Amino acid sequence: MASLRSTLPRALRRPSLLALRTTTTATPLALRRNFSEFNPTPIFHLTETEEMLKESVGRFAREVVLPKVREMDEAEKMDRVIVEQLFEQGLMGVEVEEEYGGSGMGFGAAVVTIEELARVDPSVSVLVDVHNTLVNTAFRTYGSPALKKKYLPRLATNTVGSFCLSEPASGSDAFALQTKAVKSPSGASYKITGQKMWITNAAESEIFIVFANVAPERGYKGITAFVLDKSMPGFAIAKKEKKLGIKASSTCVLTFDDVEVPAENLLGVEGEGYKYAISLLNEGRIGIAAQMTGLALGAWENAVKYVWNDRKQFGKHVGEFQGMQFQIAQARTEIEAARALVYNAVRVKEAKTGEGFVREAAMAKLYASQVAQRVSGSAIEWMGGMGFVREGLAEKFWRDSKIGAIYEGTSNIQLQTISKLLQKEYKV
Ligand SMILES: Cc1cc2nc3c(=O)[nH]c(=O)nc-3n(C[C@H](O)[C@H](O)[C@H](O)COP(=O)(O)OP(=O)(O)OC[C@H]3O[C@@H](n4cnc5c(N)ncnc54)[C@H](O)[C@@H]3O)c2cc1C
């Protein structure tokens, strides 16, 4: 299959030209923070590049990923060839600048990619999501020129990355993390000791962003981000989890036993890791929301094909009974509503800097994960016995949907965030 890079005209991939050439809801740099100068367009209006990407990723998902989805789920393992092809297609460096070997596109393009992949396999989607929205973005935003030069070309072309924040005793309360980093007397290196839990992509990754505390007495203000290579002595993958859903996506426990990390592998500034984690997860949340809307649409499409075309009872297709039609219409309406929240969050994020999109991101993730669970659950019922057996993908979509309410902030944590921001606005 032709690579994604080759399907996009070179000029069209340059962000500056993109802003000039396309009618879009995305905001050109010069107009940041000034929505008033825009003619409103439908929320799903994609840029020309995003539209082409959607089409090309959708084809890749159907032709390359789909034939392997069931096999990967049963084996609980990501196919190595798929990972290689994701790199070949430019999907592992969507936003990475071309000078580092990336595709040089925008955040909207990353979201479109995540959503299209999830329509076929939420496991492949989350691999791409974490790699792009958390790992690559961390390097792009906080990395020193040397770190970017060393790691971004690998991350964009051949090496998977992981984002390591959670620990056995710190999930929702992420900043209670206990992994420690001790600076050497000369300041040339740090020794990292501790454990991380539930780390996505860990079995495939060679590059790990690890959050550790350099000054526990300062609480969360000691949290610092480091870049670890799998080859560093003392680094180990202790366990690969067996899971309910997204089984092909690896989720592992990592241990660090006095891992010596050179000072140049400190990501950003010592003690600012907590700020980076918050900011990256705010953005990452939009990616998970897109994974969930893609999943919901995939489950819906899979079921309607069957009930409108294949399965007949009482002399007609089962999807033609009004009791079924109304449920199908209701589900699709909810999917569209969730997608509106997701793409609104994308455009607000593209237009605003700092934390200006936190509420939108939290609402999108909360609602999209609820819709994904509801729709994928109903889709099984619409398909009857065929929805329940492991022959098709209906039951898998439902199992995969559960994680949306858990990772990158549980639903309760999203509700807490939304409520806090609303109170700020309304409380006198
Ligand atoms: C498949 C998978 C992949 C993951 N990938 C990664 C990864 O790549 N990197 C990473 O760092 N982490 C990862 N995680 C960890 C994930 O982010 C955490 O599981 C998540 O943040 C929730 O933490 P917890 O599991 O400890 O739940 P807990 O924090 O123990 O929460 C348990 C319950 O208590 C509720 N709760 C907690 N605090 C509050 C509160 N203040 N108010 C109301 N309710 C509350 C929660 O909503 C939840 O319902 C992954 C997890 C899974 C399962």
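UniProt positions are given here in the numbering of this chain, and such annotations may be inferred rather than shown by experiment. In the predicted model examined here, an unreviewed UniProt entry places the feature "domain: Acyl-CoA dehydrogenase/oxidase N-terminal" at residues 47-157. Over residues 47-157 the chain is 72% helix and 0% strand, and the C-alpha atoms at the two ends of this stretch are 25 Å apart. For residues 162-259, the unreviewed entry in UniProt lists "domain: Acyl-CoA oxidase/dehydrogenase middle". The composition over residues 162-259 is 0% helix and 51% strand, with the end C-alpha atoms 17 Å apart.

The strand pairings were examined next. Strand 2, formed by residues 180-183, pairs with strand 3 in the antiparallel sense over four bridges. Within the two strands, A181 stands opposite I192 of strand 3. The hairpin of strand 2 and strand 3 has five residues between the strands, and G187 takes a positive phi near 85° in this hairpin. Strand 3 is also joined to strand 7 (residues 251-262) by nine bridges, and strands 3 and 7 run antiparallel. Here Y190 stands opposite V261 in strand 7. Strand 7 is further joined to strand 6 (residues 235-240) through five bridges, again in an antiparallel arrangement. The bridge partner of K239 is V253 in strand 7.

A packing of two helices was also characterised. Helix 6, comprising residues 107-118, and helix 9, comprising residues 273-310, pack at an angle of about 35°, their axes being 7 Å apart. The crossing of helix 6 and helix 9 is right-handed. On the side of helix 6, the contact is made by A110, V111, I114, E115, E116, L117 and A118; these meet I286, G287, A290, Q291, T293, G294, L295 and G298 of helix 9. The residues of this contact divide into eight nonpolar, five polar and two charged.

The surroundings of the ligand draw on several elements. The ligand is surrounded by 21 residues, of which G171, S172, T200, T410 and N412 are the closest. At least two residues of the shell around the ligand are supplied by each of strand 1 (160-164), strand 3 (189-200) and helix 14 (411-426). By character, the residues of the shell comprise ten nonpolar, nine polar and two charged. Strand 3 thus appears both among the elements that supply the ligand shell and in the antiparallel pairings with strand 2 and strand 7.

Definitions and conventions
Residues are numbered from 1 along each chain as its sequence is written. This is a predicted model: local features need pLDDT of at least 70, side-chain atom pairs count only at pLDDT 80 or more; totals for chains, interfaces and linings use all residues. Axes are lines fitted to C-alpha atoms, for helices over the stretch in contact, and angles run from 0 to 180 degrees between N-to-C directions. A crossing is left-handed if the near helix is turned anticlockwise from the far one by less than a right angle, and right-handed if clockwise. Two residues are in contact if their C-beta atoms, placed from the backbone, lie within 7 Å. Ala, Val, Leu, Ile, Met, Phe, Trp, Tyr, Cys and Pro count as nonpolar, Asp, Glu, Lys and Arg as charged, and the others, Gly among them, as polar. A residue is near a molecule or strand if its C-beta atom, placed from the backbone, lies within 6 Å of it. Two strands pair if DSSP finds at least two bridges between them.
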